[in-house]
Amino acid sequence: SQRAIFAHLWDGTQNRLRASLGSSTSALHANVLALCYEIGSKQERSSILAYLEPHLEKNLEHGLQHGQHGGHLELFYLYFVLPGLAKHGRPDLAERMIAQHYGYLMKLGDDTLPECFSTVGRSSGSRCHSWSGAAAIYAARYVLGLRPAGDGNHRHLIFNPVVHGIRQASGLIAHADGWIEVSWKMENGVRQHHLNAPASVRVSLG
């Protein structure tokens, strides 16, 4: 249970989770999962976010300095990091991490989806890692703002963009019942949006 996790793995000296009993590692992965899946109380998750923030800000730099298995979060793990940040009101940090990590690949002229950014410069490691396309999933669910409502009904979606520096977005979302058109733009502090979904799909406004 969640309470058992916090009873045995909570480090009160640093207000974050340990990776396992007796572990002294930074346990970034465990704490990111707690954010992404909203494990623990609001106060505990707030403490975890405060612990993670300086690590996330320096993640790219740390990975390039220390290499694979250096204790940082690799590119594929942004699959959990980005939605975790959006759920806890930090799209600013999510957008910065996207710019940093994918900007690094663009600077190298790399057009693959590597598992690990720390190995790209050495031309090694997996070069077709679908999890590493996490920014595209994030863009659909939090920038465009269309994501599952969370009630188990795949025909019920919620529209609620979570952005910081982005002022407009548009795109198409694939659904089993047909394409969904989404566009929005901020005008005078108000978000104007357009949604066109199949009749079988219900979209609630967040």
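Begin by selecting strands β5, β6 and β7, which form an open sheet of three strands in the order β5-β6-β7, with antiparallel pairing. Two of these strands, β5 and β7, stand at the edges and have a single partner strand each, so one side of each is left without a neighbour in the sheet. From one strand to the next, the twist in this sheet averages 10°. Please keep in mind throughout the tour that this is a predicted model.

**Along the β5-β6-β7 sheet**

Now colour residues 168–173, which are strand β5, and residues 180–187, which are strand β6; these strands pair in the antiparallel sense over six bridges. To see how the two strands are matched residue by residue, show L172, which stands opposite E181 in β6, and then G171, which stands opposite V182 in β6. Between the strands of this hairpin there are six residues, and G178 takes a positive phi near 135° in the hairpin.

Continue to the other side of the sheet by selecting β7, residues 190–196, which pairs with β6 in the antiparallel sense over seven bridges. Here W184 stands opposite H193 in β7, while M186 stands opposite R191 in β7. How many residues lie between the strands in the hairpin of β6 and β7? There are two residues between them, and N188 takes a positive phi near 55° in this hairpin.

**The sheet of β3, β4 and β8**

Next, hide those strands and select β3, β4 and β8, three strands that form an open sheet in the order β3-β4-β8, in which the pairing is mixed. Which strands stand at the edges here? They are β3 (146–148) and β8 (202–205), and since each has a single partner strand, one side of each is left without a neighbour in the sheet. The twist of this sheet averages 35° from one strand to the next.

Zoom in on strand β4, residues 156–159, and you will find that β4 and β8 pair in the parallel sense over four bridges. If you display H156 together with R202, you will have a residue and its bridge partner on screen, with R202 lying in β8.

**Around helix α6**

Leave the strands and turn to the helices, selecting α6 (residues 91–108) together with α3 (residues 42–57); these two helices pack at an angle of about 25°, and their axes are 11 Å apart. That angle makes α3 roughly parallel to α6, and the crossing of the two helices is left-handed. To see where the helices touch, show the side chains of E53, L56 and E57 in α3, which meet L93, R96, M97 and Q100 in α6. Sorted by class, this contact of α3 with α6 has three nonpolar residues, one polar residue and three charged residues.

Keep α6 on screen and add helix α4, residues 59–66, which packs with α6 at an angle of about 35°, with the axes 9 Å apart. On the α4 side, select N59, L60 and L64, and on the α6 side select M97, Q100, H101 and Y104, since these are the residues that meet. By class, the contact of α4 with α6 has four nonpolar, three polar and no charged residues.

A further partner of α6 to select is helix α7, residues 134–143, where the packing angle is about 145° and the axes are 11 Å apart. Is the crossing of α6 and α7 left-handed or right-handed? As α6 passes α7, the crossing is left-handed. Show P91, A94, I98 and Y102 in α6 and you will see them meet A134, A135 and Y138 in α7. The residues in this contact of α6 with α7 divide into seven nonpolar, no polar and no charged.

**A pair of rings**

For the last stop, look at aromatic side chains, of which the structure holds nine pairs. One of these pairs is formed by Y37 and F80, whose rings are tilted, with 6.3 Å from centre to centre and 55° between the planes. Where in the chain do Y37 and F80 lie? Y37 is in the loop between α2 (28–36) and α3, whereas F80 is in helix α5 (residues 78–87), and the pair links distant parts of the chain that are 43 residues apart.

Technical notes:
Residues are numbered from 1 along each chain as its sequence is written. This is a predicted model: local features need pLDDT of at least 70, side-chain atom pairs count only at pLDDT 80 or more; totals for chains, interfaces and linings use all residues. Side-chain values use heavy atoms; hydrogens and water are left out. Axes are lines fitted to C-alpha atoms, for helices over the stretch in contact, and angles run from 0 to 180 degrees between N-to-C directions. Angles under 35 degrees count as roughly parallel, over 145 as roughly antiparallel, 65 to 115 as roughly perpendicular and the rest as oblique. A crossing is left-handed if the near helix is turned anticlockwise from the far one by less than a right angle, and right-handed if clockwise. Contact means heavy atoms within 4.5 Å. Ala, Val, Leu, Ile, Met, Phe, Trp, Tyr, Cys and Pro count as nonpolar, Asp, Glu, Lys and Arg as charged, and the others, Gly among them, as polar. Two strands pair if DSSP finds at least two bridges between them. Rings of Phe, Tyr and Trp (its six-membered ring) pair if their centres lie within 6.5 Å; planes under 30 degrees apart count as stacked, over 60 as edge-to-face and the rest as tilted.
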